[in-house]
Amino acid sequence: MTQGERAVRLLLIGPPGSGKGTQGKRVAQRYGVEHIAAGDLLRLEVETESGIGRRAAASMQRGELVPDALVYELVMPRVLAAGKANGYVLDGFPRSVGQAEEGRAIFEDNDVAVRLAVLLDAIPDDLLPRLLERAQSEGRFDDTPEVIRARLDVFKEEVEPLLAFYRERGLLVTVDASGSPDDVWAQLQAVVEST
Ligand code: AP5
């Protein structure tokens with residue numbers, strides 16, 4: 001899909017390990033939109049020791065949310081640019097109702113608002129093992145058992161108001177994310193193409 005009325009502007013919501021990154025990459029490839037992954041962007045800043053990275057590192061190492069101002073500085077320009085070009089798939093932003101409110105104000109003013117929010121509904125017991133396996137292969141600095149548990153706790157605290165925000169606007173769809181990546185992708189594609 002390309003520019004204009006039908007451009008994909010999708011938000012993926014889900015706990016750590018639910019497959020936001022995995023599915024976000026597929027959405028980007030299939031629909032020619034930009035995959036904007038807040039965590040990936042922040043980790044790059046931390047690894048390159050930029051100003052944003054230095055200010056974000058401590059929160060990320062504790063599994064807590066990075067201060068909103070840093071996230072906005074990093075993510076908002078990318079969302080605006082992608083929204084005005086071919087569209088986007090957002091992975092991990094907004095992840096609080098405060099961020100959703102802030103995003104709505106800016107994105108609606110610029111005619112690039114989220115069109116569809118998908119909750120990846122995974123089985124909680126699957127998440128820690130998946131992420132510990134990833135820790136072995138990828139060595140992400142925030143994939144220790146303690147930090148993963150903190151990230152899961154933050155998700156539980158933030159998710160209900162975030163879901164309510166998109167549900168009230170008629171934008172929220174839930175996808176069963178307990179199957180294989182291919183199973184999840186088949187459902188996600190069906191949802192994207194029916195909206
Ligand atoms: P972020 O990088 O977004 O981490 P997360 O939300 O904890 O999510 P993950 O990346 O761990 O999981 P995922 O859902 O993307 O799953 P994935 O596809 O990789 O955020 C990290 C940190 O950045 C936060 O803690 C915070 O500090 C900061 N941050 C980010 N956004 C922020 C914001 N908006 N505001 C403030 N702070 C922010 O899959 C995981 C593994 O499982 C992979 O190995 C994959 O191969 C496997 N897998 C995926 N799907 C399946 C499946 N269906 N079956 C089996 N295995 C699967």
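## Q23 and helix α1

Let's start with Q23, which sits in helix α1, the stretch covering residues 20–31. This is a predicted model, and in it Q23 is buried, because its relative accessible area is 2% and the cut-off for buried is under 20%. Leaving aside residues up to four places away in sequence, Q23 touches L12, L120, P181, V184, W185 and L188.

Two of these partners can be placed in strands. L12 falls within β1, which spans 9–13, and L120 falls within β4, which spans 116–121.

## The five-stranded sheet

Those strands belong to an open sheet of five strands, and its order is β2-β3-β1-β4-β5 with parallel pairing. The edges are taken by β2 (34–37) and β5 (172–176); each has a single partner strand, so one side of each has no neighbour in the sheet. On average, neighbouring strands here are turned by 20° against each other, direction ignored. As a general reminder, strands of a sheet pair through backbone hydrogen bonds, in either a parallel or an antiparallel way.

## A closer look at β3

Strand β3 covers residues 88–91 and runs parallel to β2, with four bridges joining the two. Within that pairing, H35 has V89 as its bridge partner in β3, while A37 has D91. Turning to β1, this strand also pairs with β3 in the parallel sense, over four bridges. There, the bridge partner of L10 in β3 is V89, the residue that is also the partner of H35.

Are the faces of β3 covered or open? Both are covered: Y88 and L90 on one side, and V89 and D91 on the other, are all buried.

## Helix α7 and its neighbours

Helix α7 spans residues 145–168. This helix lies across β1, β4 and β5, and runs at about 150° to β1.

Helix α7 also packs with helix α5 (residues 97–109), at an angle of about 35° and with the axes 8 Å apart. Which residues make this contact? From α5 they are V97, A100, E101 and R104, and from α7 they are P161, L162, F165 and Y166. By class, the residues of this contact divide into six nonpolar, no polar and two charged.

Another residue to find on α7 is E157. E157 is exposed, because its relative accessible area is 58% and the cut-off for exposed is over 50%. For a sense of distance, E157 and D183 are 26 residues apart in sequence, and their C-alpha atoms are 28 Å apart in space.

## The second largest pocket

Helix α7 comes up again at the second largest pocket, which holds about 220 Å³ of space. The pocket is lined by 13 residues, and the closest to its centre are P15, P124, L127, F155 and K156. Elements that give two or more residues to this lining are β4, α6 (124–138) and α7.

Which element gives the largest share of the lining? That is α7, with six residues. What kinds of residue make up the lining as a whole? By class, there are 10 nonpolar, no polar and three charged residues. If you are looking at the structure now, P124 and L127 are good places to pick up α6 in this pocket, and F155 and K156 do the same for α7.

Note on methods. Residues are numbered from 1 along each chain as its sequence is written. This is a predicted model: local features need pLDDT of at least 70, side-chain atom pairs count only at pLDDT 80 or more; totals for chains, interfaces and linings use all residues. Side-chain values use heavy atoms; hydrogens and water are left out. On a 1 Å grid over the protein atoms alone, a cavity is a set of points where a 1.4 Å probe fits but cannot get out, and a pocket is an open set with protein on both sides within 12 Å along at least five of seven lines; lining residues have an atom within 4 Å of a point. Grid points are joined across faces, edges and corners, and a volume is the space filled by probe spheres set on the points. Ala, Val, Leu, Ile, Met, Phe, Trp, Tyr, Cys and Pro count as nonpolar, Asp, Glu, Lys and Arg as charged, and the others, Gly among them, as polar. Two strands pair if DSSP finds at least two bridges between them. Axes are lines fitted to C-alpha atoms, for helices over the stretch in contact, and angles run from 0 to 180 degrees between N-to-C directions. Contact means heavy atoms within 4.5 Å. Buried means under 20% relative accessible area, exposed over 50%, partly exposed in between (1.4 Å probe, protein chains only).
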